[in-house]
Amino acid sequence: MPELPEVETTLRGITPKVQGQTISAIVVRNPSLRWPVPDSVQQACGALVADCRRRAKYLLIDLENAPGLLIHLGMTGSLRVCDAGDEPRKHDHVDIVLDSGKCVRFNDPRRFGVFTTWDHPAEDHPLLCNLGPEPLSDKFTGKYLWNRSRGRKGAVKNFIMDGKIVVGVGNIYASEALFMAGIHPSRAAGRISAIRYEALCKAIRDVLERAIRSGGTTLQDFHDTDGNPGYFAQELLVYDREGKPCFRCETPLRRKVIGQRSSYYCPSCQR
Ligand code: ZN
């Protein structure tokens, strides 16, 4: 599933191709995504792209004098930049055709993605209005996590994966950050000290920034028609390493299901 780093990589890949361009057509081959692609997307035709942004895992394309476009990659979605005349592949459902002759193509085999419009301001959109802060923003601090966690008995892993607390911390990154901070994933969120939340906040930022940087290495692929959105291969410390030795203490790592998701941790390093 595309996580925040892949969405950020996608944003950085498409932005230079799209910003300042005029949209000449929106081609919808299959409107049956998570919700039907609305006819309102056609209002983008003739509009200039003012900006491309990301909020959580949503991509927002700001248009001049037209409703913006909102895209979510769902489970299996991706965007790639290609020539508008290129033969579409299987699962290429929507094209944003640009005056430059290029197009941004939305591919999604499982069709859980979203392609829709929003009216200003985007932050009021029902999909966006209840989201917590961005993990790489100044609003996301150890103090913030500590404040929000008081009185919470649930597992800290579920707490940091709750989009109302902080957005974009997926299952892999939650496991990795908790290992880096030395915190056991099932520890009650409300029973973790402020100083340990400082370490956890730093670990979440570090793991996401590292993932974005490795995603960035595939950005050059956006130039060609085979461009992929940059699913990065990363050195993971604990994720999917059940039974393998901890990199720090060599204790075999464990897997535990927390909130229906597999969590990986070191029983010795994480308390
Ligand atoms: Zn260990």
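Which residue in β3 is the bridge partner of arginine 55? The points below take up this pairing and then its surroundings, bearing in mind that the structure is a predicted model.

1. The bridge partner of arginine 55 in β3 is tyrosine 58. A further pair joins the same two stretches of chain, since arginine 54 stands opposite leucine 59 of β3. These pairs belong to an antiparallel arrangement in which β2 is joined to β3, residues 58–63, by 6 bridges. Between the two strands of this hairpin there are 2 residues, and alanine 56 adopts a positive phi near 55° in it.

2. On its other pairing, β3 meets β4 in the antiparallel sense, this time over 4 bridges. Tyrosine 58 takes part here as well, with histidine 72 as its bridge partner in β4. The hairpin formed by β3 and β4 has 4 residues between the strands, and asparagine 65, which sits in the turn, shows a positive phi of about 55°.

3. Taken as a whole, the sheet is open and consists of 4 strands, arranged in the order β2-β3-β4-β8 with antiparallel pairing. Because β2 (49–55) and β8 (114–118) stand at the edges and each has a single partner strand, one side of each is left without a neighbour in the sheet. On average, and with direction ignored, neighbouring strands of this sheet are turned by 20° against each other.

4. How many residues of β3 are buried? The count is 6 of the 6, and therefore β3 is largely enclosed by the rest of the structure. It helps to recall that, in a regular strand, side chains alternate between the two faces of the sheet. In β3, Tyr58, Leu60 and Asp62 point one way, whereas Leu59, Ile61 and Leu63 point the other way, and all of them are buried. A student may wish to follow these residues along the strand in the model.

5. Helix α1, made of residues 4–18, lies across β2 and β3, and it runs at about 175° to β2.

6. A last point concerns the surface, where Met1, Met75 and Phe112 make a nonpolar patch of about 270 Å². Of these residues, methionine 75 is found in the loop between β4 (68–72) and β5 (78–83). Why does methionine 75 count as partly exposed? The reason is its relative accessibility of 32%, because partly exposed residues fall between the buried class, under 20%, and the exposed class, over 50%.

Technical notes. Residues are numbered from 1 along each chain as its sequence is written. This is a predicted model: local features need pLDDT of at least 70, side-chain atom pairs count only at pLDDT 80 or more; totals for chains, interfaces and linings use all residues. Side-chain values use heavy atoms; hydrogens and water are left out. Patches are made of residues with over 30% relative accessible area and no salt bridge: like charges are joined within 9 Å, nonpolar side chains (Val, Leu, Ile, Met, Phe, Trp, Tyr) within 5 Å. Accessible areas come from the Shrake-Rupley method with a 1.4 Å probe; for residues, only the protein chains shown count as cover. A salt bridge is a side-chain nitrogen of Lys or Arg within 4 Å of a carboxyl oxygen of Asp or Glu. Buried means under 20% relative accessible area, exposed over 50%, partly exposed in between (1.4 Å probe, protein chains only). Two strands pair if DSSP finds at least two bridges between them. Axes are lines fitted to C-alpha atoms, for helices over the stretch in contact, and angles run from 0 to 180 degrees between N-to-C directions. Contact means heavy atoms within 4.5 Å.
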